[in-house]
Amino acid sequence: MRRRTIATVADEQARDAAFEVARTRARTCTRCPALVASRSGVVVGADAAPADVLLVSGAPGADEDALGLPLVGQAGQLVDRLLGEAGFPRVGVFVTPLVKCLAPGNRDPSPPEVAHCSEHLVAEVELVRPLVVVALGGFVTKVLRGDVASIRARRGREEPRTLGTVTFWLLPAFHPAAALYAPALVEQLRADLARLPELVARGRPEASPSAPRAPVTESGQLGLF
Ligand code: SF4
């Protein structure tokens with residue numbers, strides 16, 4: 001077992017304190033009036049941190065909103081099972097929504113809402129410092145890649161991306177909620193998550209000036225295309 005030195009304990013305490021600050025900032029955020037009116041609460045990231053793998057789901061659905069947790073219900077159970085098969089139990093993975101509040105009628109968040117909420121996602125990425133970020137579903141993939149290529153064209157095709165100061169492998173995959181209704185998609189999601197050990201073993205990709213970044217605008221927010 002790794003020995004915890006005074007320095008590592010101090011580092012962990014500082015990181016925990018920074019997480020608490022970031023969570024409090026998100027939980028008290030009121031930047032999107034329509035979402036503030038429709039949400040029960042703000043759904044922030046959960047499970048392990050720091051972590052080699054970070055899963056980004058879309059916006060919270062009704063179940064996530066009610067429980068205050070990301071990726072729950074049948075879709076969450078499917079991901080838990082497939083992560084376990086891949087050797088990455090959910091307790092060792094950080095899971096967070098792209099946008100932290102339930103949208104009215106469960107619609108997709110608007111571009112301004114995505115941009116506003118990117119501050120919270122970037123803060124989480126900076127604290128978790130993942131080697132691999134899995135973009136679950138077409139909406140998250142389009143936002144984090146900054147183009148309109150379909151999830152069918154991009155799934156399973158990793159590429160280096162940078163958010164904030166962190167460069168990672170971005171791995172697009174089908175959203176588990178879509179896979180619940182299409183057994184073929186379950187197999188593709190299983191195949192993509194099974195690649196996590198290999199991608200983590202590669203280590204952090206090089207952050208070069210020519211490497212693509214997630215599409216952050218001049219104001220530091222994620223843009224939508
Ligand atoms: S969606 Fe994000 S930016 Fe908008 S109010 Fe919720 S926490 Fe704030």
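**A walk through the helices, the sheet and the ligand shell**

Let's begin with two helices: R15, A18, F19, A22 and A26 in α1 meet H120, A123, E124 and L127 in α5. Sorted by character, the residues of this contact divide into 6 nonpolar, 1 polar and 2 charged. Please keep in mind as you look around that this is a predicted model.

How do the two helices lie against each other? Two packed helices are described by the angle between their axes and the distance between the axes. Here, the axes of α1 (residues 6-27) and α5 come within 10 Å and cross at roughly 170°. Angles over 145 degrees count as roughly antiparallel, and α1 and α5 are therefore roughly antiparallel to each other.

Helix α5 also takes us to the ligand. The ligand is surrounded by 15 residues, and the closest of them are C29, C32, C101, H116 and C117. Two elements give two or more residues to this shell, namely α2 (33-38) and α5 (111-128). Which of the elements supplies the largest share of the shell? That is α5, with 4 residues. In terms of residue character, the shell around the ligand divides into 9 nonpolar, 3 polar and 3 charged residues.

Now turn to the sheet. It is an open sheet of 6 strands, with mixed pairing, and its order is β1-β3-β2-β4-β6-β5. At the edges you will find β1 and β5 (159-163), each of which pairs on one side only. Further in, strand β2 (residues 53-57) and β4 run parallel and are joined by 4 bridges. If you would like a landmark there, L55 stands opposite V134 in β4. Helix α6 (residues 138-145) packs on this sheet, where it touches β2, β4, β5 and β6 (166-173). The direction of α6 makes about 130° with that of β4.

Finally, a word on confidence. The protein averages a pLDDT of 90, and 90% of the residues score at least 70. Where is confidence lowest, and where is it highest? The lowest value belongs to strand β1 (residues 46-47), at a mean of 74, while the highest belongs to strand β4 (residues 132-136), at 98.

Definitions and conventions:
Residues are numbered from 1 along each chain as its sequence is written. This is a predicted model: local features need pLDDT of at least 70, side-chain atom pairs count only at pLDDT 80 or more; totals for chains, interfaces and linings use all residues. A residue is near a molecule or strand if its C-beta atom, placed from the backbone, lies within 6 Å of it. Ala, Val, Leu, Ile, Met, Phe, Trp, Tyr, Cys and Pro count as nonpolar, Asp, Glu, Lys and Arg as charged, and the others, Gly among them, as polar. Axes are lines fitted to C-alpha atoms, for helices over the stretch in contact, and angles run from 0 to 180 degrees between N-to-C directions. Angles under 35 degrees count as roughly parallel, over 145 as roughly antiparallel, 65 to 115 as roughly perpendicular and the rest as oblique. Two residues are in contact if their C-beta atoms, placed from the backbone, lie within 7 Å. pLDDT is the predictor's confidence in each residue, from 0 to 100. Two strands pair if DSSP finds at least two bridges between them.
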